[in-house]
Amino acid sequence: MTTKLFGEPVRRREDARLITGQGRYLDDIGADAYAAAFVRSPYAHARVVDIDVTGALDVEGLLAIYTYEDLTGPLAEPLPVLIPHPQLTHPRTGYPLAKDVVQHVGEAVVMVVATDRYVAEDAAALIAVSYEELPVVVGVDAARAATHAVHDDVPDNVAARHHQETGDVEPALAASTHTISFTQYVERSASMPMEGKGVHARWDADDQALRVYTSTQASTSVRAAIAAKLQLSLEKVEVIAPDVGGGFGVKIVHPWPEELLVPMAARLLGHEVKWTEDRREHFISSAHERQQRQEITVGYDEDGRITALDVHIWHDNGAYTPYGIIIPIVTATQLVGPYAIPVYRVRVDSVFTNTVIVTPYRGAGRPQGCFAMERTMDRIAQERGLDRAEVRMRNLIQGDQFPYDQHLTFQDGRPVIYDSGDYPGLMAKLKALVDWDSFAERRAEATARGRMLGIGMAMYVEGTGPGPYEGGHVQVLGSGKVLVSTGLTSQGQGHETVFAQLVASELGVPMEDVEVTTGDTRRFGYAVGTFASRAAVMSGNAVALAARGVREKALRIAAEVLEASPEDLEIDEGLVQVKGVPGASIPLRTVAVLSNPLRYAFDEAAKQATQFAGPGDDSKPPVAVGDAPGLEHTDYYSPIRSTFASGAHAAVVEIDPSTWEIDVVQYAVVHDCGNVVNPMIVEGQVHGGVAQGVGGALYERMAYDSDGQLQNASFMDFLMPYASEVPPVVIDHQETASPLNPLGIKGAGEAGVIPGSAAIASAIEDAVGRRIATMPISPTELYDLVRSSADPVTNSQTGAMA
Amino acid sequence: MTVDLERTISITVNGVPREATVPVRRLLSDALRHDLGLTGTHVGCEHGVCGSCTVLLEGSPVRSCLVLAVQADGQSVTTVEGLSRSDHQGGQVLHPIQESFRECHALQCGFCTPGFLTTIAAGLDARDPSVEITEEEVEELVGGNLCRCTGYANIKKACRHAAETMRAEAGR
């Protein structure tokens with residue numbers, strides 16, 4: 001069949017517009033829109049005493065100024081806690097515009113609307129807000145010490161205490177032959193998409209309806225939030241995610257204050273209003289992630305097999321908890337990775353700080369969990385004098401143990417049951433890919449050159465594709481065009497291509513005939529969103545199921561016309577034909593016309609269809625009971641639980657002992673995301689994830705000072721990797737199909753980033769022989785570390801068997 | 001003394017003479033996007049670091065967020081919309097680097113892409129196409145722009161692919 005496309009590296013259909021400057025991103029919309037700008041708090045914790053707007057009133061082009069006092073109804077209430085949880089005992093959210101107290105630098109206090117952005121910023125600069133400063137809490141340790149409180153009524157700064165255990169850990173530790181306890185840290189980073197956030201709203205006074213474009217990962221939920229907060233009926237609000245310039249998590253949060261305020265202003269002013277976030281705003285008012293303090297105690301036997309694991313994490317959730325405790329849950333449950341841990345207890349205290357909110361950034365707590373587990377493996381190997389790969393091998397879940405129940409509860413509220421995988425297979429491939437067993441020779445060669453060479457590895461299991469559902473709609477038009485829509489959004493993952501591949505493949509039509517729309521509530525109203533590596537799993541299966549529904553209906557209609565049984569029909573290249581009977585066929589587009597008994601002959605397709613139309617049965621209605629006009633189908637995919645992808649990474653670092661520059665000279669990835677729809681796209685996802693992993697390991701951190709000022713809120717100072725910082729990546733694939741979904745696929749979006757810090761820390765430690773307990777690490781920090789009295793560390797020679 | 005707050009400027013954009021009256025403080029990036037409607041040029045940081053807004057001023061890459069529109073008065077500007085070339089038969093063909101970006105999957109969200117394309121196109125057009133491109137040249141061409149999606153591997157691949165295409169063309 002020529003239309004078989006599943007598994008092919010099909011070139012992306014998105015690209016034609018994006019390489020010619022014809023993409024349509026948020027700021028490309030609404031040339032005549034008024035512009036919004038915000039006055040944001042310069043203090044990390046302060047009481048708003050007075051807002052004096054008089055200075056701004058004479059600015060030519062000023063249209064409106066809004067403060068908290070101007071918010072009415074539900075808009076004046078705190079922003080929603082999207083995902084409540086019984087263990088989130090002290091949820092706190094801000095207001096769209098600060099009410100009395102600001103809790104981080106960058107919190108919005110005043111919104112200004114003017115004829116253009118320059119004028120809006122002029123006016124914003126002339127608004128004088130006076131503040132009374134309050135004590136500031138920055139960093140997870142300060143929050144834990146609780147000398148000061150972020151929120152008056154939460155004196156210990158603890159928003160939530162998340163707790164899971166699979167057995168009685170204390171006796172299990174006491175009974176263990178060996179135990180090690182240690183503490184380590186992971187720093188803050190952020191999604192940092194190249195396009196910041198942005199919102200454009202248009203109020204239609206005649207229809208009393210709102211159309212909103214927003215650079216979001218969840219347009220259906222933004223729609224519901226706007227309807228609720230602006231007290232509009234749902235059908236009066238349309239929300240569209242246009243081309244989105246990257247998300248990586250930060251755009252899943254909703255509603256951002258601006259997603260409510262910009263539509264509010266558009267409605268009040270009766271004119272289009274647009275806000276385009278600038279880079280500094282993005283640094284100080286969008287979300288960050290990653291900071292944790294991890295206290296780990298592990299028990300193990302003579303052979304390095306883990307007998308018990310006890311982890312206590314302090315997680316910095318920033319000033320508010322709009323996204324609940326998803327990251328603590330993910331860290332807690334994904335920490336155990338590909339290993340069989342007999343007894344596991346995890347406690348995560350999620351604490352407030354006077355910093356930007358913490359919500360998922362690609363990996364969403366998994367990189368930290370992986371860092372905890374994999375560094376534990378390294379410690380056991382070092383203490384036992386075993387090869388780091390060997391210790392991991394001894395603790396891996398084996399192929400005959402699937403489905404493997406970790407006896408934990410995942411972010412979707414469902415059990416953590418690994419559906420399928422081959423973890424020893426990953427390890428074998430990784431060792432071969434990176435030539436693990438002959439590393440000593442490479443190290444000797446580097447030593448001879450005056451360089452320090454080290455190798456490290458890390459493995460992970462990633463729960464992907466959590467529910468509750470996604471839907472797909474597939475419709476064949478009389479022109480032969482196939483329209484596909486799903487409510488889930490796209491931020492560069494190539495969904496238009498992948499979903500078209502799936503539908504073309506399922507339906508038997510040329511891919512060129514398929515048009516895919518994502519993230520547009522006018523086309524599909526029910527969706528959850530793009531996060532947790534769920535798009536291909538969730539919407540991929542949903543559109544495939546919808547296509548199967550269309551196929552079934554097409555075969556039923558065609559069978560009547562061709563006087564054949566549906567089972568004897570096939571669809572290829574858009575032609576329904578009786579198998580093995582050349583000429584006994586009908587174009588799918590004609591079937592589409594026939595599917596609707598009302599056929600005004602507007603076009604050739606309708607005219608052609610009349611030759612197939614039978615005389616009709618006068619004893620039956622034209623549309624049978626239970627049937628519907630049109631060749632279309634809507635279906636949903638709702639998984640019983642998440643599907644678990646896996647992988648193993650290795651990094652080789654070379655360090656120059658005169659500068660302590662850390663150069664990742666080799667990076668190897670073995671990756672298993674089940675059946676692969678488009679290997680080119682999956683590989684691209686891995687490349688991008690690895691780059692973010694390297695950034696998080698060596699360069700990126702949010703440098704807050706003790707006053708809560710973000711000292712590096714620019715691309716000049718927050719060091720995202722350029723091409724020169726990203727190592728060459730070699731990839732090997734393993735495909736262990738998921739038994740949970742019709743297509744056998746698992747998510748791939750986040751995987752690349754997860755083991756980066758763990759593998760690179762392991763490699764640096766291997767190179768310099770000093771304990772790495774905090775990531776990221778800079779050359780200066782490494783220099784200080786090797787000169788300090790920090791733990792010397794010796795790895796057993798890689799490849800050596802104990 | 002009166003301050004001249006607005007000026008009318010003439011810029012040849014993608015070969016077409018354009019005129020606009022702009023505040024003197026207007027950035028070239030904003031003038032291209034909002035006064036001239038060429039939204040292919042993207043603004044990623046507004047402080048000259050990310051390179052997304054790169055356009056060619058008199059053929060050389062500049063960060064249009066660091067240039068005032070009035071500074072471009074009387075000069076020629078090429079944006080991503082103008083990278084395609086005449087096919088000598090009255091039509092337009094994409095620049096080899098544009099084709100290569102698609103072929104090599106060198107873009108994901110596409111936001112940084114216009115800046116890479118203009119920068120690399122200028123670099124490739126300025127070199128002797130008959131000479132095989134070196135890794136150092138590739139590093140230089142892609143090294144000044146930020147991309148958050150691709151990890152750059154496929155952008156480098158696209159560079160090599162485009163140089164190879166141009167070499168084959170030059171050899172014909």
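Chain A has an open sheet of three strands, ordered E4-E2-E6, with antiparallel pairing. Keep in mind that this is a predicted model. Beyond the sheet, there's a domain layout to look at, plus the contact between domain 1 and domain 3 of chain A.

**The sheet**
- On the edges sit strand E4 (101-102) and strand E6 (128-133) of chain A, each of them pairing on one side only.
- Strand E2 (residues 46-52) of chain A runs antiparallel to E4(A), and two bridges join them.
- If you want a spot to check by eye, A:Ala46 is opposite A:Val102 in E4(A).

**How chain A is divided**
- The domain assignment splits up chain A like this: domain 1 covers 32-134 + 197-276, domain 2 covers 292-466 + 640-787, and domain 3 covers 467-637.
- Measuring between C-alpha centres on the model, domain 1 of chain A and domain 3 of chain A are 40 Å apart.

**Where domain 1 meets domain 3**
- Domain 1 of chain A brings 17 residues to the contact, and domain 3 of chain A brings 15 residues.
- On the domain 1 side of chain A, helix H5 (219-229) and strand E11 (237-240) each supply at least two residues.
- Which element gives the most to the side of domain 1 of chain A that touches domain 3 of chain A? That's H5(A), with four residues.
- As for the make-up of that domain 1 side of chain A, you'll find six nonpolar, eight polar and three charged residues.

Conventions:
Residues numbered from 1 in each chain as written. Chains lettered and ligands numbered in written order. Predicted model: local features only at pLDDT ≥ 70, side-chain atom pairs only at ≥ 80, totals over all residues. Domains from an automatic or database assignment. Contact = placed C-beta atoms within 7 Å. Nonpolar A, V, L, I, M, F, W, Y, C, P; charged D, E, K, R; others polar. Pairing = 2+ DSSP bridges.
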